[in-house]
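Me: Can you walk me through this model? Short answers are fine.

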Amino acid sequence: ADSRLVEAINLSVQEASLTGESQPVEKDTVALDSADLPLADLPLGDRRNMVYMGTAVTYGRGTAVVAETGMQTELGRIAELIQSVDSDQTPLQKRMDEVGKVLLVGAVIVMIIAFVVGLLSGDPLDIVLLNAVAIAVAVVPEGLPAVVTIALALGAQRMLRRNALIRRLPAVETLGSVTTICSDKTGTLTENKMRVQVVDVAGHNTDMQTLIEHRLIDVINANGSAHNYDKAHALLMAGNMLCNDAVIEEDPNNSDRFVSIGDPTEGALVVAATRYGLNKEHMDAIFNRVGEVPFSSERKRMTTAHLLQNQVMMASPEDSYIMRVLGANTHHYIAISKGAADSLLDVCTHAWIEGEITELDDALRGRIEKANNDMAQNGLRVLGTAYRHMDVLPENWKHETVEHDMIFIGMVGIIDPPRPEVKAAVAICRAAGIRPVMITGDHPLTALNIAKQLDIAQEGDRVITGQELNRMSMEDLEAVVELVPVFARVSPEHKLNIVQALQNKGHIAAMTGDGVNDAPALKRSDIGVAMGITGTAVSKEAADMVIVDDNFTTIVSAVEEGRTIYDNVRRFIKYLLASNTGELIVLLLTQLIGGMSLPLTTLQILWMNLITDGIPALALGVEQAEPGSMKRAPYAPNESMFGRGLGRHILLVGAVLGASGLALGYWAWSNNIEAANGALAWNTMVFMFLTLAQMGHALALRSHRESLFTIGLRGNRLLIGAVILTVILQLMAIYLPFFNNLFQTNPLTLGQLAICLVLSTIVFWAVELEKLLIRRGILS
Ligand code: ATP
């Protein structure tokens, strides 16, 4: 919707999709002055109190009232005007173009040959022309475009069932070629169910459970005998609750538990403070927020400022205690920052130690850093908290004007366990020749710990941080990018460098992302993967695929589907082109044998193409994953469609089908074999043989590698149905008098039918032999 802002705090919006202006525009709520221009003529970019559909908030927050929806919005108007054209050719389209060209040239050559051969055999010109066209029709697999589209669409649907929503159809098969998956940590590799586990103030480490049992009210009732740590804990908990945008609710199923809405990290902090004994609603009401610098993944911290001298009646004992601890009777405002402890220390000059504000010297910094590292090493996400009293508010709310001279209070360690299913998915990736890489904003030690738990990294593996990346040239990065499994403390723009380095080294990289700033990396990567739950609209817009459940395992499933789909496309191309080549050989060569004519009538050729190229090809397009498809290295994305044995298959199988059809036809013709009705049987026998042989071919192609006797017939009911239906239709074409007239066929005797059937299996055996040689490593 397009909306009118009623609240805007540091709100910037990127409106490039509407105005073409790439710089974000700052928004406010001030009414627009229409003295010079009628409001309707005011350029979109100048309407600063409006936010528009299809644009992205890059910074800050706000509240707006919906003014227009759907086609009435500015974007809707554009949508009405523009018909977007997608001109970029996808890899599959390129490959299919190649196939198309080969077919076109093939069909023209074949037509010319058929024409010349027809003339040589002395047929009248009109018959020769008709036959040439019919033969060309036999070469061209008319069903191919439809089968490709249906196979891709069905594949995308199967992916959706496995929680991967494909936004661009070509991504379906690029997925099969992925060599590296770069994944975010939080929520994708981990559960994103965060819980504060330890609290560290002034070198004093406390289990969160102890703090919960040792509630604030008990501290207050201890009447002054409370230890200074207690004050530090109260300060830390209050700070974390105030500098926080999560909303907390009681779990409707369990009154002892709380659920939070919003950022899970923040939720964990609010839940911890609530269980400790604070009340977010009270705190927000007493200590009004008067300003803020929102969290950014570049700074890795956020700051809010609060009014301290707010006269509130009926405050609880806890509230009064917190007012005292926060210095409400001596100061006007307090600024509270929270964020990655290392980044927070950059803006701290003092620390709150044992009730005293102590200068943050190297020894103290070292102590805090060590505590931070110790927690991170155990896989905890560490967040520090700091504050600063202020008597006047800065005019300009920027991080430079607020985040300085802060007093460090302490840290919390938040546990976010790895998703249990990811370890198996990582193992599948490795077997499939795909390297998983963790890219996270978190601390290097936290990241490494989780990566090790998931087998993404091993003992001794190198972790590269964002700071190191800043110092590295592209060549430096290229030199190590294939060896490093974990990138930590990275900002979204680093992701772009990592993708680029991987691509320069010839990798096909999938990259996940959720934030607005991740969009360039998602666009740049070969497969941009956006998060369905936590992802911003912008990241989804930039992505090729959205994973509905934010789960790494889903990406791996999608890769598997991608490989299956490409295998299936190759499967039916093998089937269609080899069969058509075989038909062609029979049709062309019979005419060359003295006295023999074209074995099939034009109608017969069309009928055979209709029943053999349609449903059986489609059924091959929905074949399940090839056994072992995730146990081999990915194929090169630029390989030719005819590569890796496909061209050979077409020629070999085509030759076997053609030669045996020809032999059968010649034998029946030269021996004047008669059908059940006394007419010559050879044409009908060739007609029957070619159809049956293609069915054997389809069955053998259930796998590119494994024998049908290993994988069996089950697993593709559509194919079995298609084969049975095709055979029934073909029998009807031979035995029903109506079709006898239409197609000029003759009913075969049982013996002749048996000969056709037995001989037709030759194609099946040929493909089985080819697969045996592939399994033995003799053929590729
Ligand atoms: P990824 O999802 O890529 O694994 P991440 O979500 O851990 O990364 P960021 O969200 O950029 O990465 O967080 C980086 C660091 O910023 C965290 O390690 C944490 O210390 C700090 N941080 C995260 N969320 C907040 C927040 N709401 N307020 C303050 N600091 C935060």
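Reply: Here is a quick tour, starting with ground rules. This is a predicted model: local features need pLDDT of at least 70, side-chain atom pairs count only at pLDDT 80 or more, and totals for chains, interfaces and linings use all residues. Residues are numbered from 1 along each chain as its sequence is written, and side-chain values use heavy atoms, with hydrogens and water left out.

Me: OK. How many helices and strands in the protein chain?

Reply: The count is 31 helices and 23 strands. Helices (H or I, at least four residues) and strands (E, at least two) are DSSP runs, numbered from the N terminus.

Me: What's the radius of gyration?

Reply: The protein chain has 36 Å, whereas a compact globule of 780 residues would have a value near 28 Å. That radius is taken over C-alpha atoms, and the globule rule is 2.2 Å times the number of residues to the power 0.38. Along the principal axes, the C-alpha atoms fill a box of roughly 115 × 65 × 55 Å.

Me: And what share of the residues is buried?

Reply: Buried residues are 52% of the 780. Buried means under 20% relative accessible area, exposed over 50%, and partly exposed in between (1.4 Å probe, protein chains only). The accessible surface of the chain is about 33,800 Å², with 57% of that belonging to carbon and sulfur atoms. Those areas come from the Shrake-Rupley method with a 1.4 Å probe; for residues, only the protein chains shown count as cover.

Me: What about long-range contacts?

Reply: Take contacts with a separation of 6 or more: residues 24 or more positions apart account for 73% of them. Contact means heavy atoms within 4.5 Å.

Me: Switching to electrostatics. How many salt bridges are in the whole structure?

Reply: A search finds 31. The criterion is a side-chain nitrogen of Lys or Arg within 4 Å of a carboxyl oxygen of Asp or Glu.

Me: Give me one. Which residue does K185 meet?

Reply: K185 meets D442, at 2.9 Å from N to O. K185 sits in the loop between β6 (180-184) and β7 (195-201), and D442 in the loop between β18 (435-439) and α17 (444-453), so the pair ties together parts that are 257 residues apart in sequence.

Me: Is K185 buried or exposed?

Reply: K185 counts as buried, at 3% relative accessibility. D442 is buried too, at 4%.

Me: Any others like that?

Reply: Try E623 and R702, whose side chains meet at 2.7 Å, N to O. E623 lies in the loop between α25 (615-621) and α26 (646-670) and R702 in the loop between α27 (682-700) and α28 (708-711), so this pair links parts 79 residues apart in sequence. Both E623 and R702 are buried. There is also a network: salt bridges that share partners join R61, D245, R289 and E292.

Me: And which residue pairs with D518?

Reply: D518 bridges to K495, with the closest N and O atoms 3.3 Å apart. D518 is in the loop between β21 (509-513) and α21 (519-524), and K495 is in helix α20 (residues 492-504), so the pair ties together parts 23 residues apart in sequence. Both are buried.

Me: Now sheets. What does β1 pair with?

Reply: One partner is β4 (residues 56-68): β1 (residues 2-14) runs antiparallel to it over ten bridges. Within that pairing, E7 stands opposite T63. Two bridges also join β1 to β3 (residues 50-51), again antiparallel, with S3 opposite V51. Strand β2 (residues 25-26) is antiparallel to β1 as well, through two bridges. There V13 has V25 as its bridge partner. Two strands pair if DSSP finds at least two bridges between them.

Me: Where's a greasy spot on the surface?

Reply: L104, V105, V108, I109, I112, I113, V116 and L120 make a nonpolar surface patch of about 750 Å². I112 is in helix α3 (residues 91-120). Patches are made of residues with over 30% relative accessible area and no salt bridge: like charges are joined within 9 Å, nonpolar side chains (Val, Leu, Ile, Met, Phe, Trp, Tyr) within 5 Å.

Me: Last one: what's the phi of D405?

Reply: D405 has a positive phi of about 50 degrees, though it is not a glycine. D405 lies in the loop between α15 (399-402) and β17 (406-415), and is partly exposed at 43% relative accessibility. Most residues other than glycine have a negative phi.
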